[in-house]
Amino acid sequence: MSNAQGIIEVRELRKVYRVGSVDVLALRGLDLTVNAGEFLSIVGPSGSGKSTLFHIIGGLTPPTSGHVRVADHDLASLTDAGRTRLRKQTVGFVFQKFNLLPNLTARDNIAVARHIAGMDQKPDPQFEEILRLLGIASRLDHKPNALSGGEQQRIAIARAIVNRPAILLADEPTGNLDSENSCAVLGILRNLNERLGQTILMITHNPEAAVYGHHTVHMRDGKIIERT
Amino acid sequence: MTGKLVLENLKHRPMRSLLSTLLIGVPVTLILTLVGLSHGMINDSARRTQGIGAHIIVRPPGSSFLSLSGAPLDQRIVDNFFARQPHVQLAVGVVNQPVEGIFLGLTGVDLEKFSQMSGGVEYLEGGPFRASDDVIVDDYYASQHHLHPGDAVRLLNTTWRVSGVFRGGKLAHIIVPIDSLQQKISSTGKISQIYLKLDNPANIPAVMQDLKKRLPDYQIYSMQEMTALYNVNNVPLLSGFIGVVIGVGVVIGFLVVSLSMYMAVLQRTREIGILKSLGASNGFILRMIWVEALALGAGGTLLGIGMSFGAWGLIAAFVPIPVEIVTSWWPIAAGITLAGASFGALYPGLRAARHDPIEALAYE
Ligand SMILES: Nc1ncnc2c1ncn2[C@@H]1O[C@H](COP(=O)(O)OP(=O)(O)O)[C@@H](O)[C@H]1O
Ligand SMILES: [Mg+2]
């Protein structure tokens with residue numbers, strides 16, 4: 001399970017949330033290695049700490065203890081500004097609830113991500129191809145409420161990868177989609193992985209979805225209990 | 001892109017945006033209208049003073065500018081002293097008395113001498129006084145009070161009869177016989193100030209120099225100096241009042257923006273979380289809120305300027321008070337509003353910037 005070349009290295013990771021006077025142990029000594037170019041599925045019961053793991057890897061919250069290295073960033077020592085940079089440059093998020101900005105068109109949702117990363121000015125010829133790959137080129141001038149769930153999620157994927165992050169974190173990306181759209185989104189993720197070598201971590205409830213990944217890790221009670 | 005984000009946010013809640021700009025615009029209108037009124041009235045007074053046709057004005061020792069009431073001077077010095085000075089063609093003493101708070105309201109004067117000095121009084125209706133309780137009023141005062149010759153008008157607890165309506169722009173709105181006014185205010189034989197007309201304007205400096213030497217305590221101004229003194233800053237109450245209204249404007253701008261942006265930040269908690277998940281820094285979020293506040297402030301300023309034209313039109317149509325559009329105050333009003341808006345954006349902006357991204361993303 002250990003691999004010195006991993007783009008993500010997690011050792012003995014603990015995360016404690018303090019809720020009032022109660023400590024919630026979301027992660028209890030988790031170890032994980034992910035190689036560059038890997039498509040990894042993560043499954044496990046609700047509350048087992050899957051999202052928390054993503055939030056730490058993606059720099060949304062700091063680890064309580066343990067060692068976490070993501071694409072040469074040591075997350076234990078990162079400041080708030082450092083985590084902001086990590087989110088901007090190194091990881092892209094795809095959420096179950098799409099999380100598009102409701103007031104902006106699909107195109108502008110993608111443009112905002114480029115703007116935040118300071119990439120607005122750079123032309124990106126490959127991106128047009130990605131849009132075709134995602135099948136959303138004709139839907140770009142609509143606002144999210146005029147798009148179907150499947151379309152919204154595809155825009156969200158486009159937004160997540162527009163800045164070429166080293167790692168794409170997808171937290172139950174098909175959780176709000178019917179089976180047809182789920183298939184489409186999963187197919188897109190596999191395509192991104194195969195054609196662009198995009199490293200992808202995907203949380204899912206659905207065993208059928210999990211098989212899209214090269215491997216699957218099973219979580220329970222804040223730990224990884226099995227890797228298949 | 002920040003601009004687009006802000007614009008879309010403003011468009012998304014048009015009612016809130018409109019209401020905020022309207023609320024910001026109201027104090028802008030207030031400030032501009034007040035400034036327009038003061039400028040209008042002061043410039044009007046300056047014109048009125050120039051219309052007197054005098055070259056030099058002499059005021060008693062210790063009198064302050066624009067406190068025109070009171071008649072401390074013995075009127076005999078007009079003929080016995082001033083009229084005899086070299087180059088002085090005509091010396092006219094007047095008594096000033098404010099009425100109903102009108103600037104340069106009521107003046108008592110020897111009408112014949114005043115006509116001589118000013119080049120004649122033009123009557124639109126009626127003519128000069130004939131009796132001691134006659135008054136003449138200018139067209140401004142006449143239209144304001146619907147007065148015509150023969151009408152009675154109550155001033156200083158006395159009923160006067162209007163003998164004529166003259167074309168305004170000279171001396172005062174209301175002119176009464178000097179003796180009658182002196183009697184009414186128990187200052188028989190006393191005057192407030194003296195106007196001097198010289199044989200030649202070229203002699204003004206020499207005459208002034210001579211008078212100042214001989215009357216060191218008196219206030220001696222050329223008419224040019226006098227009109228230059230008509231300035232908002234020389235009216236302590238007025239500039240103070242404008243200051244208060246500006247203060248109120250800043251506070252309202254601050255509060256409106258504060259409240260409006262605070263609610264916007266609450267409503268957009270999730271969107272702020274999304275932006276943060278995309279790597280937006282605290283500074284980016286703060287700037288976004290600030291730009292939106294500035295946009296509201298700028299919109300409020302423009303709306304306020306627009307509404308000040310409306311106020312100007314209304315005043316011009318219904319109240320015969322001179323009011324001006326003072327464009328030099330537009331940038332000042334904008335600066336005041338934007339400053340208020342900036343401060344108003346600070347707290348909501350910092351709150352938004354400090355949102356925990358995970359909590360913000362979980363916000364429903
Ligand atoms: N922000 C938080 N504050 C407090 N407790 C949290 C927070 N996020 C997650 N938890 C708790 O941590 C545990 C793991 O949650 P989560 O990582 O969301 O699990 P999963 O995604 O596997 O359902 C749960 O018990 C959850 O209640
Ligand atoms: Mg979860």
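**α4 and α6, chain A.** I started with the pair α4(A) and α6(A), helix α6 being residues 179–196, in what is a predicted model. Their axes come within 10 Å and cross at roughly 145°. I noted the crossing as right-handed. On the α4(A) side I listed A:Gln126, A:Ile130, A:Leu133 and A:Leu134. Facing them in α6(A) I found A:Ile188, A:Asn191, A:Leu192, A:Arg195 and A:Leu196. Sorted by class, the residues of this contact come out as six nonpolar, two polar and one charged.

**α5 and α6, chain A.** Next I looked up what α5(A) does with α6(A). Here the axes come within 9 Å and the angle is roughly 20°. The cut-off for roughly parallel is under 35 degrees, so I logged α5(A) and α6(A) as roughly parallel to each other. This crossing is right-handed. From α5(A) the contact takes A:Gly150, A:Gln153, A:Arg154, A:Ile157 and A:Ile161. From α6(A) it takes A:Asn181, A:Val185, A:Ile188, A:Leu189 and A:Leu192. My class tally for the contact of α5(A) with α6(A) reads six nonpolar, three polar and one charged. A:Ile188 and A:Leu192 were already on my list for α4(A), and they turn up again opposite α5(A).

**α3, chain A.** Is helix α3 of chain A enclosed or open? I counted through residues 106–116: nine of the eleven are buried, so α3(A) is largely enclosed by the rest of the structure. The buried ones are A:Ala106, A:Asp108, A:Asn109, A:Ile110, A:Val112, A:Ala113, A:Arg114, A:His115 and A:Ile116. Which helices do they pack against? Within chain A I wrote down α2 (80–89), α4 (125–134) and α5 (149–161). Chain B contributes too, with α1 (2–12), α10 and α11. Just after α3(A) I hit A:Gly118, with a positive phi of about 75°.

**Positive phi outside glycine.** A reminder to myself: most residues other than glycine have a negative phi. I then pulled up two residues of chain A that go the other way. A:Asp72 has a phi near 70°. I placed A:Asp72 in the loop between β4 (65–70) and β5 (73–74) of chain A. Its relative accessibility is 71%, so A:Asp72 counts as exposed. A:Phe98 has a positive phi of about 65°. A:Phe98 sits in the loop between β6 (91–94) and α3 of chain A. Buried or exposed, at 9% relative accessibility? A:Phe98 goes down as buried, since buried means under 20%.

**α10 and α11, chain B.** Both helices had come up as partners of α3(A), so I went over to chain B to see how they sit against each other. α10(B) is residues 269–277 and α11(B) is residues 282–318. They pack at an angle of about 140°, with their axes 10 Å apart. That makes α10(B) oblique to α11(B). The crossing is right-handed. α10(B) brings B:Ile272, B:Leu275 and B:Lys276 to the contact. α11(B) answers with B:Asn282, B:Phe284, B:Ile285 and B:Met288. The classes here are five nonpolar, one polar and one charged.

**Domains, chain B.** I checked the domain assignment of chain B next. Domain 1 is written in two pieces, 2–43 + 237–361, and domain 2 is 61–217. How far apart are their C-alpha centres? I get 48 Å between domain 1 and domain 2 of chain B.

**B:Arg214.** This residue lies in helix α7 (residues 204–214) of chain B. Its relative accessible area is 45%, which means B:Arg214 is partly exposed. Leaving out residues up to four places away in sequence, B:Arg214 touches B:Phe81 and B:Gln85. I also took the C-alpha distance to B:Arg351, 137 residues apart along the chain, and got 70 Å.

**B:Pro98.** Last residue for today. B:Pro98 is in strand β3 (residues 88–99) of chain B. At 43% relative accessibility I filed B:Pro98 as partly exposed. Its partner for a distance check was B:Ala172, 74 residues apart along the chain. The C-alpha atoms of B:Pro98 and B:Ala172 are separated by 9.9 Å.

Definitions and conventions:
Residues are numbered from 1 along each chain as its sequence is written. Chains are lettered from A and ligands numbered from 1 in the order in which they are written. This is a predicted model: local features need pLDDT of at least 70, side-chain atom pairs count only at pLDDT 80 or more; totals for chains, interfaces and linings use all residues. Side-chain values use heavy atoms; hydrogens and water are left out. Axes are lines fitted to C-alpha atoms, for helices over the stretch in contact, and angles run from 0 to 180 degrees between N-to-C directions. Helices (H or I, at least four residues) and strands (E, at least two) are DSSP runs, numbered from the N terminus. Angles under 35 degrees count as roughly parallel, over 145 as roughly antiparallel, 65 to 115 as roughly perpendicular and the rest as oblique. A crossing is left-handed if the near helix is turned anticlockwise from the far one by less than a right angle, and right-handed if clockwise. Contact means heavy atoms within 4.5 Å. Ala, Val, Leu, Ile, Met, Phe, Trp, Tyr, Cys and Pro count as nonpolar, Asp, Glu, Lys and Arg as charged, and the others, Gly among them, as polar. Domain bounds come from an automatic or database domain assignment. Buried means under 20% relative accessible area, exposed over 50%, partly exposed in between (1.4 Å probe, protein chains only).
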